Amino acid sequence: MNDAGYIFAGYFSTFAILAGYAGWVIRRKRTLSRLLRPEDIT
Amino acid sequence: MTTKSSPAVRVLGWLSAVTLALTAVMALVVTPGDVNMGDSVRLLYLHVPTAWLAMYVSFGVTTLASVLYLWKRTRSRFWDLTAGASAEIGVLFLGLTLLIGSIWGRITWGVWWTWDARLTTTAVLFVLYLGYLAVRKVPASPEVQSRRAAIVAIAAFLDVPIVHQSVEWWRTLHQDATFLDDRRLLDPQIHGSMAWTLFLGVIAFTLLYCWLLAHRFRLAWLEDRLADRAMQVAIDERRAEAGIS
Amino acid sequence: MIDTRRRLWLAGIVVIGALGFLVFQGLGNATLYFRTADEAVAQRAQLGERRFRIEGDVVAGSVVQNGNDVRFILTSKSVDVPVVHKGDPPELFRPGIPVVLEGRFQGDHFASDRILVKHSETYVAENPDRVATTSR
């Protein structure tokens, strides 16, 4: 494959950025729901 | 509602993971290179779906939700939070579009960036929605904050049709649309397996968008509740102080 | 409240400043990103030694590598412009394709220092035999 470095870097960084964002959202969600009392989350 | 996401959202997550993996395999292994662009055409399967999801789906949902917020009969926090969550995912996708486009440009055109009309209007779109996310964070009373954000969101969306038409209106280095054009919609000039992979990519990224939106909305909602509670605590404290003195 | 207002103004100024820069930088050049070879020849007198972008097809069989230079003929609407390009052409450069060049007129030729390979919205398989079905 020509330009394999560029192409793989593109695919790798895309999936890494998406996974990083998803991880951040889910982790923050968990932290926040621990801060809230059950009666606040309804 | 609890911390655990609903089964539907979890199924959505798995589906998007599987379709994304399938897209990557199709894109990198199964599909052929392009007669002129060679293997760099493989970046098409990331560039087009992310652009599509950012511009039309994410920013479209933000605009729709903002209109529904501004309209008195449907006004609710739900629409405001949806608009914000969708815009953030849109900015993420558009950032990826620019990143992949830049790499693709480096390979095919020979430059990372050039100020042609398509690239310029897209950069403007990116900055506009970054501005929208910043406006959401400027403190004010909740109603003022939401109304202000909704107006900015609708104004920002005006750039989307400009980006779409830029390749038709002006001379650009960027190629024209392969599918979303009245002349080419029914007769796209693209090799069969390339078209199918692109289609699969759009589906995969759409599923991912829905999954991300469900989680991001939930996070926005939790942040909102937390802010509400902090406000309530502050009010209670004030009352207590007033009662003592 | 004063703090809030100041932050709002600051955010507004930063966004408007960034947008202004992009519009100034971009659309100034973007609306006329390139002149086609025939237009450039027609405007030859006005263009003088000015730097601009020129677009056209690389004439098949005209490409000659000469040390550090690449010479070829650029054509658009059957108007030909001889080109001398300094440096290596990009990987995807080949006769017959549309290109955009950056440079200026110099005597009888266009002196280019950057070749941007333009590509169309059509995607055609490299080795059609590899995959059985083609839509074209």
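## The nonpolar core

Let's start inside this predicted model. Its largest nonpolar core holds 98 residues, and the members that touch the most other members are Tyr129(B), Tyr132(B) and Ala153(B). Helix H3(B) gives the most to this core, with 16 residues. If you have met the general rule already, this will sound familiar: in soluble globular proteins, nonpolar side chains tend to be buried together.

Take a look at Ala153(B) in the viewer. Leaving aside residues up to four places away in sequence, Ala153(B) touches Thr62(B), Thr63(B), Ser66(B), Ala83(B), Ala87(B) and Tyr132(B). So that you can find them easily, try clicking on Ala153(B) and Tyr132(B) together, since they touch each other and both are among the core residues with the most contacts to other members.

## Helix H3 of chain B

H3(B) runs over residues 77-108, which makes 32 residues. From its first C-alpha to its last it reaches 46 Å, close to the 46 Å expected at 1.5 Å a residue. Is this helix mostly covered or mostly open? It's mostly covered: 26 of the 32 residues in H3(B) are buried. After the helix comes Gly110(B), and its phi is positive, near 100°.

## How the chains meet

Now for the chains as wholes. Two pairs of chains are in contact, and chains B and C share the most contacts. Chain A and chain C, on the other hand, do not touch, and their nearest C-alpha atoms are 10 Å apart. Chain A itself has one helix and zero strands. Of the 42 residues in chain A, 21% are buried.

How many residues does each chain bring to the contact between B and C? Chain B brings 41 residues and chain C brings 40 residues. On the side of chain B that touches chain C, the elements giving two or more residues are helix H4 (117-137) and helix H7 (192-244). H4(B) supplies the largest share of that side, eight residues. Sorted by type, the residues on this side of chain B come out as 22 nonpolar, 15 polar and four charged.

## Strand S2 of chain C and its neighbours

Chain C is the place to look for strands. S2(C), residues 52-58, pairs with S4(C) in the antiparallel sense over two bridges. Two pairs of residues show you where: Asp57(C) stands opposite Thr75(C), and Val58(C) has Leu74(C) as its bridge partner.

S2(C) has other partners too. Strand S1(C), residues 35-36, runs parallel to S2(C) and is joined to it by two bridges; here Thr36(C) stands opposite Glu55(C). S2(C) also pairs with strand S6(C), residues 98-106, in the antiparallel sense over six bridges, with Gly56(C) opposite Val99(C). Like H3(B), which is mostly covered, S2(C) is mostly covered, with five of its seven residues buried.

## Two hairpins around S4

Next, follow S4(C). S3(C) and S4(C) pair in the antiparallel sense over three bridges, and Asn66(C) has Asp69(C) in S4(C) as its bridge partner. Their hairpin has two residues between the strands, and Gly67(C) takes a positive phi near 60° there.

S4(C) also pairs with S5(C), residues 79-86, in the antiparallel sense, this time over eight bridges. You can spot Phe72(C) standing opposite Val83(C) in S5(C). This hairpin has two residues between the strands as well, and Lys77(C) takes a positive phi near 50°.

## A closer look at Asn68

Where does Asn68(C) sit? You'll find Asn68(C) in the loop between strand S3 (64-66) and strand S4 (69-76) of chain C. Why does Asn68(C) count as exposed? Because just 9 other C-beta atoms lie within 10 Å of Asn68(C), and a residue is exposed at 12 or fewer.

Not counting residues up to four places away in sequence, Asn68(C) touches Lys86(C) and Gly87(C). For a sense of distance, compare Ala37(C): it lies 31 residues from Asn68(C) along the chain, and the C-alpha atoms of the two are separated by 24 Å.

Key:
Residues are numbered from 1 along each chain as its sequence is written. Chains are lettered from A and ligands numbered from 1 in the order in which they are written. This is a predicted model: local features need pLDDT of at least 70, side-chain atom pairs count only at pLDDT 80 or more; totals for chains, interfaces and linings use all residues. Helices (H or I, at least four residues) and strands (E, at least two) are DSSP runs, numbered from the N terminus. A residue is buried if 20 or more other C-beta atoms lie within 10 Å of its own, exposed if 12 or fewer, and partly exposed in between; C-beta atoms are placed from the backbone. Two residues are in contact if their C-beta atoms, placed from the backbone, lie within 7 Å. Ala, Val, Leu, Ile, Met, Phe, Trp, Tyr, Cys and Pro count as nonpolar, Asp, Glu, Lys and Arg as charged, and the others, Gly among them, as polar. Two strands pair if DSSP finds at least two bridges between them. The expected span of a helix is 1.5 Å times one less than its number of residues. A nonpolar core is a set of buried Ala, Val, Leu, Ile, Met, Phe, Trp, Tyr and Cys residues joined through C-beta atoms within 7 Å.
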